[in-house]
Amino acid sequence: MARMWPERLPQEVRNTPFRKAEIAVFDALESVLEDDFVVFYSRPWLGEDRFGNERDGECDFLIAHPRFGILAIEVKGGGISYDPASSQWVSTDRGGIRHRIKDPVGQAVSAKHEMLRRLQDHRQWQTRHIHIAHGVIFPNAESPPSDLGADKPRRIFCCAKDLNHNLRSWVGQRLGEGREQTGDEPLGADGIRALEDILAKPVLLKFSLGAQIEDTNRQLVALTPSQFHIIDMISGIPKALVEGGAGTGKTVIAMEEARRSAAAGKRTLLTCYNRSLARSMQRMVGEVANLEILSFHSFCRHVVKLAGHQLPREDGSSDYFGKRLPEAAMLALESDTSLRWDEIVVDEGQDFRQLWWIILESALSDERRLRVFADSNQQVYGELEAPPADLELIPIRLSQNLRNTRNIHAAAAEHYTGFPITAIGPDGTSVEWLKVEDDQQLPRILIQKLKELVNKQEWSPGGTALLLPNLELVEECRALVGRTNMEVTDADEMSDDAVVIDTVRRFKGLERPVVLIAFRAQDRGTSEYAYVGLSRASSHLVVAGDQDVLAWLE
């Protein structure tokens with residue numbers, strides 16, 4: 001049996017869901033490799049990220065042999081797919097949920113070069129040319145039929161069949177066993193000792209906050225489809241009102257209902273008030289025949305243009321958006337009876353005005369199928385006045401929070417009044433409350449926390465949103481982040497690789513795993529800002545404000 005570092009895996013590691021693939025590889029390597037192999041698992045080191053900031057690095061497995069050399073291995077669980085056009089790798093878990101993952105080949109190559117550099121710098125190492133290689137293990141995936149590229153030949157991958165029946169041969173092949181290259185010298189006992197000094201001093205496996213957030217997020221994502229039974233429940237109801245608090249899956253169900261309706265050949269409209277939310281739904285659903293996804297005001301402009309009418313002159317006033325543009329849409333619908341939808345799905349229905357419901361009802365075809373999803377928080381929205389009672393919607397209630405951890409749900413629930421909502425996901429990390437002396441410190445404190453999450457806690461900027469009460473603070477924070485070379489996006493674009501910096505109002509209806517949010521003294525008592533802002537984070541929440549604001553929030 002191979003000599004393992006650590007010698008035994010702690011039970012808390014074996015019980016960690018996101019380490020299942022690595023644990024399988026750990027046990028397999030220990031079993032099939034002989035006594036003269038040394039295997040280092042999850043060994044950390046301190047390096048630099050692409051911004052020049054210090055951050056921890058890690059190699060999933062490093063195999064060392066005194067004669068054959070070194071093999072750096074990256075492990076990725078789940079079903080694996082690779083798109084060479086975009087260089088994007090995707091892992092699909094047992095629940096069918098797809099996760100974008102880092103390039104495992106690039107990670108293995110990076111670990112290989114880092115180890116060689118550190119070995120060459122070590123005081124016990126006598127510089128010589130050794131064999132050092134890299135490989136990737138996919139414990140749950142089928143073997144690729146051929147090379148994936150010039151730098152990704154089939155031989156560097158060990159997949160499910162290889163892991164179970166051919167692991168020892170694959171390790172030997174990657175280490176060049178039996179075909180030692182001319183000029184390569186043995187790693188030797190001194191090389192093994194140097195590696196142990198570099199990698200085996202930290203005897204405890206390191207768990208970063210980023211890894212905890214990722215694990216929590218995976219558990220929450222797996223819950224998402226569990227509310228889809230609501231779609232079957234309302235299938236025979238012409239008009240339905242689905243109510244629930246933040247995190248109950250209203251938007252997810254609305255998108256799936258619209259997609260299924262369009263797939264059945266029905267001309268379908270999915271609409272909401274927030275333009276940023278509409279764009280987000282467009283990105284998630286993609287191009288679907290028979291389906292149009294538009295914000296309400298984009299819908300109004302759409303039907304006016306289709307009817308060949310003149311749009312009212314836009315002046316940005318509340319009267320234009322609340323009355324003149326909707327009335328123009330009503331005239332267009334009355335003049336052209338071909339402008340009808342078989343089913344209309346409305347998300348965030350609590351934001352719609354009485355006039356707008358009349359317009360949407362007039363846009364329905366004879367099938368008259370209407371689905372409305374609305375927030376049930378009476379503390380923020382009061383008794384639900386929209387849609388009006390004469391629409392005769394059958395009410396359905398969502399009582400489970402599937403999006404937020406229990407800790408985040410508890411924070412937002414302080415600003416919720418309505419029928420009970422229960423969080424059924426994991427507890428997650430504790431909410432972080434950052435006290436500032438005055439509002440001027442808010443941007444600096446939040447950016448400092450953002451850099452800590454990215455550089456020290458190994459969390460991705462693309463999984464983060466920084467939410468602020470006004471555009472002035474948004475611009476100030478964007479300027480500060482610009483100095484770190486992190487990419488910045490907004491609620492409209494929601495780029496996958498960039499941190500979102502925007503107002504709470506524009507981020508309404510959206511979410512990210514990690515949210516950092518600022519509260520000013522003047523925001524105290526504003527229930528909508530608190531409720532909407534606190535509930536945007538699914539896995540980790542950071543709140544900054546002065547002492548009085550934090551006391552009110554908590």
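Glutamate 257 sits in helix H9, and at 5% relative accessibility this residue counts as buried. Leaving aside residues up to four places away in sequence, Glu257 touches Ile231, Glu343, Val345, Arg369 and Arg371. Keep in mind that this is a predicted model. Below is a quick tour of its salt bridges, a few unusual backbone spots and two helices with a buried face.

**Salt bridges**

- Searching the whole structure turns up 39 salt bridges. As background, side chains of opposite charge can pair when their charged atoms come close.
- Arginine 100 pairs with aspartate 496, with the closest N and O atoms 2.3 Å apart. Arginine 100 belongs to strand S7 (residues 98–101), while aspartate 496 is in the loop between strand S20 (488–489) and strand S21 (499–503), so this salt bridge ties together parts that are 396 residues apart in sequence.
- Both partners in that pair are partly exposed: arginine 100 has 48% relative accessibility, and aspartate 496 has 46%.
- Back in H9, arginine 259 makes a salt bridge with glutamate 256, and here the closest N and O atoms are 2.7 Å apart. These two share helix H9 (residues 250–263) and are 3 residues apart, about one turn of the helix. That spacing fits a general rule: an α-helix has 3.6 residues a turn, so residues three or four places apart point the same way.
- In the H9 pair, arginine 259 is partly exposed, at 35% relative accessible area, whereas glutamate 256 is buried, at 13%.
- Lysine 508 and glutamate 348 meet through their side chains in a salt bridge, 3.1 Å from N to O. The pair links distant parts of the chain, 160 residues apart: lysine 508 is in the loop between S21 and strand S22 (512–518), and glutamate 348 is in the loop between strand S13 (341–346) and helix H13 (354–362).
- Lysine 508 is buried, with 11% relative accessibility, and glutamate 348 is buried too, with 10%.
- There is also a network of salt bridges, which links Arg275, Arg279, Asp490, Asp492, Asp502 and Arg506.

**Backbone spots to check**

- Most residues other than glycine have a negative phi, and most peptide bonds are trans. The following spots go the other way on one count or the other.
- Tryptophan 5 and proline 6 are joined by a cis peptide bond, with omega at about -5 degrees. Proline 6 is in the loop between strand S1 (3–5) and helix H1 (11–14).
- Serine 87 has a positive phi, near 55 degrees. You'll find serine 87 in the loop between strand S5 (79–83) and strand S6 (88–92), and with 49% relative accessibility it is partly exposed.
- Arginine 368 has a positive phi as well, near 50 degrees. This arginine is in strand S14 (residues 364–375) and is partly exposed, with a relative accessible area of 32%.

**Helix H17**

- Helix H17 (residues 471–482) has 12 residues, which at 1.5 Å a residue should span 16 Å; its end C-alpha atoms are 16 Å apart, so the two agree.
- Leu473, Val474, Cys477 and Val481 are buried in H17. Looking down the axis, the buried residues of H17 fall within an arc of 105 degrees, so they line one face of the helix.
- What do those buried residues pack against? Their partners are helix H16 (442–455), strand S19 (464–468), S20 and S21.
- Exposed residues Leu471 and Glu472 are on the face of H17 turned away from its buried side.
- At the start of H17, asparagine 470 has a side-chain oxygen that comes within 3.2 Å of the backbone nitrogen of glutamate 472.

**Helix H11**

- The buried residues in helix H11 (residues 296–306) are Phe296, His297, Phe299, Cys300, Val303 and Val304. Down the axis of H11, they fall within an arc of 155 degrees, so they line one face of the helix.
- That set packs against strand S11 (268–272), strand S12 (291–295), helix H12 (318–335), S13 and H13.
- Just past the end of H11, glycine 308 has a positive phi of about 80 degrees.

Key. Residues are numbered from 1 along each chain as its sequence is written. This is a predicted model: local features need pLDDT of at least 70, side-chain atom pairs count only at pLDDT 80 or more; totals for chains, interfaces and linings use all residues. Side-chain values use heavy atoms; hydrogens and water are left out. A salt bridge is a side-chain nitrogen of Lys or Arg within 4 Å of a carboxyl oxygen of Asp or Glu. Helices (H or I, at least four residues) and strands (E, at least two) are DSSP runs, numbered from the N terminus. Buried means under 20% relative accessible area, exposed over 50%, partly exposed in between (1.4 Å probe, protein chains only). Contact means heavy atoms within 4.5 Å. The expected span of a helix is 1.5 Å times one less than its number of residues. The arc is that of the directions from the helix axis to the C-beta atoms. A polar contact is a pair of N or O atoms within 3.5 Å; within protein, one must be able to donate a hydrogen and the other to accept it, and residues adjacent in sequence count only if both atoms are side-chain atoms.
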